[in-house]
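Student: Could we go through this structure together and check how each label follows from its definition?

Tutor: Gladly, bring your questions.

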Amino acid sequence: MNLTERLLLLDKAKDNIDLQNIEIAECKDNIVYFFNTYLYTEKNATFFWQDIPNEVPFNLFPFQIEYVTQIWESILEWNKPVEERNPEILTNVFIEKSRQMWVSWLTCWILLYWFLFHKHKYTTVSRTAQEVDNPWDMDSQMEKIRFMMRNLPNWMRPKWFSLETWRDSSNRFMAITDPNSDASITWKTANPDAWRWWTRHAIFLDEFAFMQYANQINKSAWSNTPCRIFNSTPNWEGNEFYRMKQLAEKWKIKWLRYHWSEHPHYTQEWYNQKIKWMTPEQISQELEIDYAWSIVWRVYPEYKWELMDLPYDPQKRLYISIDNSHWWADPHAISVIQVDPRYHYIDVINYIEINCWITDIAEYLSCQPKFQMTNAQLDFLNEYKNYNWNKATFISDPHDYKSAMWNTTILDEYRKVWINLVAPKIVWLEQQVMKTRTNLYRIRLDEKCIDLNSCLLNSRYPEYKEWSNRTTEARKPIHDQFSHWRTSIEYFFWYFLENEWKKKEHLVDDRPVRDMVTWKLIYKNNLQFV
């Protein structure tokens with residue numbers, strides 16, 4: 001419907017009660033019709049000149065029609081009787097987007113539609129109260145709802161809604177309720193107990209990647225609604241939003257993606273102008289929906305990853321680099337590495353991360369596992385058995401030599417299964433990182449190592465806050481889910497550069513290797529390793 005037809009329809013319906021009832025029935029059955037006929041938006045100064053009024057009639061773009069339809073379909077499906085629901089229609093929705101794609105506006109309108117015509121109860125969450133409800137500020141979610149209500153025709157707007165004041169008995173702070181029914185739209189700030197006591201038709205998690213207590217909020221939302229809507233621009237991979245992206249296929253979550261190029265007004269010229277004063281991290285986060293490159297304080301900002309098919313080569317030296325868990329607080333991270341003597345490449349051909357006791361991981365790497373294995377652990381072991389692991393160099397943390405475990409050490413536990421751990425000399429952590437950084441251009445990853453690649457991309461230092469009193473630069477990377485594989489790679493580079501690179505021993509596999517009989521003899525007689 002064009003603007004002229006829209007104005008004529010509004011003029012006709014002004015005093016025609018029958019036409020008003022027809023229009024209300026049409027809107028109730030057709031959400032896209034409601035959007036294109038009765039909704040307004042605030043003028044965007046980027047696209048409209050000064051003579052245009054501040055309130056602009058809204059008309060959905062094609063990608064926005066898809067979004068509105070998908071969300072409408074998910075909410076509608078849950079409200080059907082159980083026997084009538086279609087299992088192919090997913091009720092939870094994951095949305096990743098570029099900035100300024102109007103997803104927050106559209107979602108507010110969707111909630112308003114169900115609130116007005118179907119008397120539903122909804123809750124949304126934002127990071128701060130300022131983002132939730134700030135009078136006359138169109139960046140806040142509640143003010144968007146009030147703006148839409150004020151611009152509806154008098155005969156469609158609820159009688160209890162007040163135009164004179166922005167707050168009354170039905171239009172409260174961070175909430176809007178229908179006094180004639182149970183319908184409501186409420187907002188919460190990001191706190192762990194946001195929805196622990198309420199049941200809603202749907203919960204909208206706005207900018208979820210930037211939300212504090214996201215994991216706790218997601219847990220409580222899970223039990224209080226069958227329809228969660230996760231919406232955000234990227235904020236690297238170490239958060240609940242990215243975890244839900246990974247689980248989208250496994251848990252049957254509807255996955256929607258809206259890149260800036262889908263917006264009809266965002267041209268290449270607009271993009272070139274937009275990025276002129278933006279950092280690479282800002283471009284990745286705000287425009288390109290790139291999780292890894294949206295991190296500012298990355299440990300390895302120069303890392304350029306390449307995944308390829310890297311089969312095991314028995315002619316090359318084999319290294320097993322391990323970041324062992326001390327007292328089982330973290331998983332054991334294992335990287336299987338070979339060195340290409342022709343081009344001096346460092347090839348990571350396999351990897352795994354396992355939560356278990358130190359005795360279990362030692363027995364696992366000696367191909368004598370005694371614990372119940374998962375499918376991934378079994379697959380790794382079957383491939384690992386084909387490696388010449390008896391001749392491998394097992395590299396680990398220098399502290400494994402002295403980490404006390406009752407009356408033993410990690411080193412002793414590995415020796416019990418005839419595996420000798422070697423380690424680089426203890427140096428400052430920043431030296432360990434720098435040695436790895438200067439040689440990262442040599443590294444190549446097998447196609448199986450996508451998670452390891454993610455660890456190298458997402459490892460970061462603590463972010464320097466503007467209001468912080470800290471005067472020295474943070475030199476120790478954050479300890480998180482990305483730390484362990486990154487550390488196993490650092491141990492390898494640290495040891496390799498220190499002991500073998502300068503000697504060029506990796507070019508020919510002629511190092512004397514003790515067989516199992518020799519290992520057992522050394523262990524029984526408590527001889528020193530040389």
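The conversation below takes up helices, strands and single residues in turn.

Tutor: This is a predicted model, in which local features need pLDDT of at least 70, side-chain atom pairs count only at pLDDT 80 or more, and totals for chains, interfaces and linings use all residues. Residues are numbered from 1 along each chain as its sequence is written, and side-chain values use heavy atoms, with hydrogens and water left out.

Student: How do you know that the length of helix H2 agrees with its number of residues?

Tutor: Helices here are DSSP runs of H or I with at least four residues, strands are runs of E with at least two, and both are numbered from the N terminus. The expected span is 1.5 Å times one less than the number of residues. For the 13 residues of H2 (residues 17–29) that gives 18 Å, and the end C-alpha atoms are 19 Å apart, so the two agree. Helix H4 (residues 62–78) passes the check too: its 17 residues should span 24 Å, and its end C-alpha atoms are 25 Å apart.

Student: What makes the buried residues of H2 line one face?

Tutor: Buried means under 20% relative accessible area, exposed means over 50%, and partly exposed is in between (1.4 Å probe, protein chains only). The buried residues of H2 are Leu-19, Gln-20, Glu-23 and Cys-27. Seen down the helix axis, they fall within an arc of 100°, so they line one face of H2. That arc is taken over the directions from the helix axis to the C-beta atoms. On the face turned away from the buried side, H2 carries the exposed residues Ile-17, Asp-18, Ile-22 and Asp-29.

Student: Which helices do the buried residues of H2 pack against?

Tutor: They pack against helix H1 (3–13), helix H3 (31–38) and H5, where contact means heavy atoms within 4.5 Å.

Student: Why is Thr-487 called buried?

Tutor: Its relative accessibility is 11%, so Thr-487 counts as buried. This residue lies in helix H17 (residues 483–499). Leaving out residues up to four places away in sequence, Thr-487 touches Asp-323 and Gln-432.

Student: What makes strand S8 largely enclosed?

Tutor: Of its 5 residues, 5 are buried, so S8 is largely enclosed by the rest of the structure. Ala-202, Phe-204 and Asp-206 are buried on one side of S8, and Ile-203 and Leu-205 on the other.

Student: How do you know that S8 pairs with S4 and with S9?

Tutor: Two strands pair if DSSP finds at least two bridges between them. S4 and S8 have 4 bridges in the parallel sense, and S8 and S9 (residues 228–232) also pair in the parallel sense over 4 bridges. Ile-203 stands opposite Thr-123, and its bridge partner in S9 is Arg-228.

Student: What is worth noting about phi in Lys-119 and Glu-207?

Tutor: Most residues other than glycine have a negative phi. Phi of Lys-119 is near 55°, a positive value, and phi of Glu-207 is near 50°, positive as well. Lys-119 is in the loop between helix H5 (103–118) and strand S4 (121–126), while Glu-207 is in the loop between strand S8 (202–206) and helix H8 (214–224).

Student: Is each of them buried, partly exposed or exposed?

Tutor: Lys-119 has 41% relative accessibility, so it counts as partly exposed. Glu-207 has 10%, so Glu-207 counts as buried.
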